[in-house]
Amino acid sequence: MRLDKYLKVSRLIKRRTVANEACDAGRVLVNDKPAKASAQVKAGDTIEIQFGSRNVKVEVLDVKETVRKEEVENLYKYL
């Protein structure tokens, strides 16, 4: 799955366009490397997002096309 879509589905970032802009600005790292929005995400990858002065680092546990709000916490875990 594309990185920007995963960020939206997992609700780490609310909108796909915002996820796209964050990737273009170099604020999203996948496995400690800057990633484009089109980068493929798979289980076991680590994603780090820089929100201003705050960093969020998560490990991808599962990749699904659609997820209900209650099941979002099964997609990743905070590191």
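**Notebook: a predicted model, one chain**

I started with confidence, since this is a predicted model. The chain has an average pLDDT of 93, and 100% of its residues reach at least 70. I then looked at the elements one by one: strand 1 (residues 28-30) has the highest mean pLDDT, 95, while strand 5 (residues 76-78) has the lowest, 93.

**Overall layout**

I found two helices and five strands in the chain. Read from the N terminus, their order is α-α-β-β-β-β-β. The radius of gyration is 11 Å, close to the 12 Å that the globule rule gives for 79 residues, so the chain is as compact as a globular protein of that length. I also looked up the extent of the C-alpha trace, which spans about 30 × 25 × 20 Å along its principal axes.

How much of the chain is buried? I noted 38% of the 79 residues. For contacts with a separation of 6 or more, I found that 39% join residues 24 or more positions apart.

My next stop was the surface. The accessible area of the chain is about 5000 Å², and carbon and sulfur atoms hold 48% of that. As for charge, I have 17 positive and 12 negative ones on my list, and their mean positions lie 3 Å apart.

**Thr46, in strand 3**

I picked Thr46, which sits in strand 3 (residues 46-51). Is Thr46 buried or exposed? Its relative accessible area is 19%, and buried means under 20%, so Thr46 counts as buried. Beyond residues up to four places away in sequence, Thr46 touches Leu29, Val30, Asn31, Val58, Glu59 and Leu79.

**Asn31 and Asp32, in the loop after strand 1**

One of the partners of Thr46 is Asn31, so I followed that lead to the loop between strand 1 and strand 2 (33-34), where Asn31 lies. Asn31 has a positive phi of about 55°, although it is not a glycine. At 35% relative accessibility, Asn31 is partly exposed.

Asp32 belongs to the loop between strand 1 and strand 2 as well. What about the phi of Asp32? I read a positive value of about 65°, and Asp32 is not a glycine either. Asp32 counts as exposed, with a relative accessibility of 55%.

**Lys57, in strand 4**

Lys57 is a residue of strand 4, and I have it down as partly exposed at 32% relative accessibility. Which residues does Lys57 contact, leaving aside neighbours within four places in sequence? My list reads Asp32, Ile47, Glu48, Lys77, Tyr78 and Leu79. That brings Asp32 of the loop back into my notes as a partner of Lys57. I also checked the distance from Lys57 to Tyr76: they are 19 residues apart along the chain, and their C-alpha atoms are separated by 9.8 Å.

**Val63, between strand 4 and strand 5**

My last entry is Val63, found in the loop between strand 4 (54-60) and strand 5. Val63 is partly exposed, with a relative accessible area of 29%. Setting aside its neighbours within four places in sequence, Val63 is in contact with Met1, Tyr6, Val41, Lys42 and Ala43. How far is Val63 from Pro34? From C-alpha to C-alpha I have 20 Å, with their places 29 residues apart in the sequence numbering.

How values were computed
Residues are numbered from 1 along each chain as its sequence is written. This is a predicted model: local features need pLDDT of at least 70, side-chain atom pairs count only at pLDDT 80 or more; totals for chains, interfaces and linings use all residues. Side-chain values use heavy atoms; hydrogens and water are left out. pLDDT is the predictor's confidence in each residue, from 0 to 100. Helices (H or I, at least four residues) and strands (E, at least two) are DSSP runs, numbered from the N terminus. The radius of gyration is taken over C-alpha atoms; the globule rule is 2.2 Å times the number of residues to the power 0.38. Buried means under 20% relative accessible area, exposed over 50%, partly exposed in between (1.4 Å probe, protein chains only). Contact means heavy atoms within 4.5 Å. Accessible areas come from the Shrake-Rupley method with a 1.4 Å probe; for residues, only the protein chains shown count as cover. Lys and Arg count as positive and Asp and Glu as negative; His and the chain ends are not counted. The place of a charge is taken as NZ of Lys, CZ of Arg, CG of Asp or CD of Glu.
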